[in-house]
Each structure stands twice: as structure tokens, then as C-alpha cells.
Amino acid sequence: MKYMLIMRTTAEALEASKDLDFEQIINAMGAYNESMIQAGVLIGGDGLTDAAEGFVVDFGAETPVVTDGPYGEVHELFNGFWLLQVSSRDEAREWALRAPLGPGTKLEVRRVSDESDFEDFSDNEYIKKEKEWRGVEGAAGAMGSAGTADA
Amino acid sequence: MGAALDEVRRSLEAVWRIESARVVATLAKATGDLGSAEDLAQEAVAEALVAWQASGIPQNPGAWLTAVAKRRAIDAWRRRSRLDERHRALAYELEAATEPDFEPIHDDVLRLVFTACHPVLAREAQVALTLKVVAGLTTEEIARLFLVPVATVQQRIVRAKKTLGAAKVPFETPEPVAWKQRLSAVLGVVYLSFTEGYAATSGERWMRPELANEALRLGRMLQSLMPREAEVHALVALMEFQASRFAARVGPDGAPVLLADQDRTTWDRAQIGRGVAALARADGLGRGRGSYALQAAIAELHATAPSVETTDWEAIVVLYEALGRLAPNPVVEVNRAVAVAQAVGPASALAIVDRLDEEGALRGSHLIPSVRGELLARLGRDQEARAELLTAASLTANERERDVLRAKAAALGEQR
């Protein structure tokens, strides 16, 4: 069985968290990740950047419509996710529009945070460890080459 | 309060799965004895079942279990009329060491793995003990996974602990000279569990993914414990590639679906990606490829090929040749023959299989007749093929596999 732990937060909570020490958050999250890695249960996962950077593709109309929101309700069902390696936001949008989905489905498209989001903390113990955990080659790159082989 | 008890039991099970390795490892380090550490931990679990109903589930359940188990150990030694010096010292040490914090104990878990896989134990005892104390499975779960009676697993574990005690096996990571041999036993245990889940040797189910997934969890745990060991990453890579095909390997009716007929779109791409990354980590250590890495490389070629036809069979043949030189093994030879059939043609492959047959390799196994049958069918020698496939069907203990072989034989019969 596989489970995804989906982090959801309210706008108020997000605003309140800005007063917290970012490094403290990194350390707490790093320790949590480390415990799951040592238990052999963590197989993948990434943080998503602020919702304001993302957009929504709504498959409700005849042709899919791209909007800035709104984002899913808390009780909405999340039934899968894709991780893409693309060169631009537009490329991501293009792929999203091609998803074989029908009315009633929304694709929330969010940028996955990367090393650049943590540049100011490159000396942090857990930021260094994360590079080790992720290994020499990321899974996303490997998936890209496997996926395009039959194109 | 039946519901509360049920809730406590369910949380306790989850806590145990996550924390047991650390709890047992901490206790084993304190007592120097794996057997009593495991018993003490079990007693603490029994106590938790009662205490947590009254007080709720503690903030740090792992620390709670460890502290209770340590207290029980001290009490037991105190009660003994002839408290000898060793026990007095141990009790003192334990009491002094009953810290409120529950520190992550990376090295202790590694010791636990090596002790459970000590060469003084038979392989099946190593498997049972590892799944019990390292993965935190219950005796019932292990019995169910390996299709053996609960009593058998219990016996294996009790005997294993006695053997470790009698041999005075210390709770430690092995010395550098013994490391290689011990590590290969550890990897062997993980691999054995995985392969039994990947293709069940008997019973009515073709695969038991739960067992394979437990093995993968153990493998990933070892990756974190031994990041410098290339073969650990290679074994995980191999398991990731094989597991990525689980959804495609069984039909809706539970019948096996062979590689050529599998819907490759249902292969787990993320898992294949993890496999590629793990093999790259193994290669990145620069020690060359061992037997798990060679097998992983073969699995990678399959996993990343869009179809059977476009699979790089020549490369697979070369990898099987390397594997055969590293560890000569008739099963590897049979697999090489299958790859040769794809790369060169069935006639060359048949020559390899016939030679194996003449040597009397794998006698009593369904493997050679099933591959021979396959090759003869491709050469148009239907009647001989049919006989071989039926022989193979009579030799396998897995019911699902038997059905597939019979169906193939029947299809050949119809054509004539």
C-alpha cells in the first residue's frame, strides 16, 4: 500500500508561519524526513511552492480552461499526481492541457521547490543531507528519459 | 471500553511497526543479548496495551516502551535472590541510562540487522528473526507471508534466539574482515523475502506483493544504514525494477501475465525512476558491478524498453554472461538462453538449454522443460514442445503457473 501525505494549509496559517524561523522549520521537517528514510518508508515527496505561483486547469467546459484558481476544497479527493521535468511554466501548462481527464476533474499545477529555494541555507545540516538522500541522479530525470523513449 | 482497547491496539501495532527496531536495538545494546531484549520489548507492549487505555497514547511511544522494558529488566534482576556482580553492574548502568529522550540510534539498528543475520543461524532462521525484530512483523504475519504454520515460525525464532545465546554471539557490527560475508547474508535475507513475494514457490497466488514490499522496506532501510555499500543500492535497484511491474504481472482473474504480454503503461514509472537512481548510486561508488548490480542492470534494460522487440537483448546477453562468470548458476544460464533466443534466435538458445539438460542441471525443476517447450514451439516443433510444456506443468508447485503452461500446451495441440 502506498499513501501520500498531502500537506494542506489555510491562508491564515500560511501567513502566521511567516513569523516563524524558516531554519527551524527546515530542521523539523528534515528530522521528520530522516526518520521516515531510516524506516525505509519514504519513497518520494516534494514541497510545493506558494499557491499564488500556480494555476488551475478546469475540465468543466467543452475545452479546458486555465484559471488562476480557485484551489480545491479541503474535502476534495486527491487521486494522483504527476511529477514533470520541464523547462518552463508554459511547457507545464501545455502538458497539463493534454492530460486525459474529463469534466469534474481539476489539475492543480504547482512548481516543486528545488535547491534554489534554499540557497540561503546551503550550510544547513539537513539541506546538505537532502542532497545525499536524493542520490546522484534524481528520479524525475530518469522518468523523463524512460517516458520519451517510445516517442 | 471495548472500542478504546481496539483503538489502543491499532495504534500500538502502528507504533510497533515504526519503532520496534529502535526499541529492541536499544535494549539489546543495554542487555547485550538479543533474545532477552526482544522478550522485554514484548512485555512492554503488553503493559502498554493496559496503560495506554487509562492514560492515552504517550507523546513519544518509542521512548515509553524502551523505558518500561528497561524498568522491567532492572526489576527482574533485583528480584533474583543471588544478584551477582554482573547483574548489579548492568542494573546500575541501565538505571543511569534510562534517559527520557529517545535518541535515534542508527548504529544500534545496524547491529540488530547483523545480529539477526548472523552466520551461526540457518537462512530461514535469519529470515524469521530479521522480519520479526528488524521489520517489526508479528509471528502470525511472517507465517502468513511464507505460507508456513505459526508454530513453525515461533519455533524458528525461539531456536534462533537460543542458538545466538548458546554461541555467545555478541550484539555488534562485524569486524572489517567479517563484514563482507555478513553483509552478503543480510542481503540474502532481503532478496529471499523479495523473490518469494515476486514469484511464490507454492500456493494458489502467483505473487505476494506484501512480502515483496516488506523486503523493499528493509532494503531501503539498509540503504540509509549503509550508504557506502554498492551492493545494497544495487539490490534495492533490482527490487524497485521488479516491483514496478507488479500491477502488470497478474491478470484480472489472478493468472500470471508474462513479460511479452504485459501492458507497459501500467508499469510504475516512479518506481522505475527510483530503481535507476539506486543503480546510479551503486555505480557511483566506483567499485564495479557485483551480482545484484548485474541483475539490476538487466532489469533496468527491461524496465526502460518500450516493447519486447525494442529491448536491447544483445546487452542483456552480455550482462547474463558477466553474471554467469561471477557466479556460475544454471538458472542464470536458462535466462541467458531466453535472451539469446531474442537476440540471435531460438536454435542457438535451444543448444544452451539442451547442454544444461544433458548436464542434469535443475533436474526436477519446471524451468528447463518450460523454456525448452517455448523454444521448440518457436522452431515449429509443436509436438515436442507440447510434451515439454506438459512436463513443466507437472513439475511446478504454483497452481497459477501450471494453468499458464497447460494453456500453452493446449494451444499447440489445437493448431495441428
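Helices (H or I, at least four residues) and strands (E, at least two) are DSSP runs, numbered from the N terminus. This is a predicted model, where local features need pLDDT of at least 70, side-chain atom pairs count only at pLDDT 80 or more, and totals for chains, interfaces and linings use all residues. Residues are numbered from 1 along each chain as its sequence is written, chains are lettered from A and ligands numbered from 1 in the order in which they are written, and side-chain values use heavy atoms, leaving out hydrogens and water.

**Exercise 1.** Take stock of the helices and strands in chain A.

*Solution.* Start with the count: chain A has five helices and three strands. Then walk along the sequence, and you get α-α-β-β-α-β-α-α.

**Exercise 2.** Work out the strand order of the sheet and find its edges.

*Solution.* Strands count as paired if DSSP finds at least two bridges between them. Here the order is E2-E1-E3 in chain A, an open sheet with antiparallel pairing. Strand E2 (65–67) and strand E3 (106–109) of chain A each have a single partner strand, so they stand at the edges with one side lacking a neighbour in the sheet.

**Exercise 3.** Look at how E1 and E3 of chain A are joined.

*Solution.* Strand E1 (residues 55–58) of chain A runs antiparallel to E3(A), and four bridges link the two. For a concrete pair, pick A:Phe55: its bridge partner in E3(A) is A:Val109.

**Exercise 4.** Which strands does helix H3 of chain A touch?

*Solution.* Contact means heavy atoms within 4.5 Å. Helix H3 (residues 89–97) of chain A packs on the sheet and touches E1, E2 and E3 of chain A.

Notes. Axes are lines fitted to C-alpha atoms, for helices over the stretch in contact, and angles run from 0 to 180 degrees between N-to-C directions.
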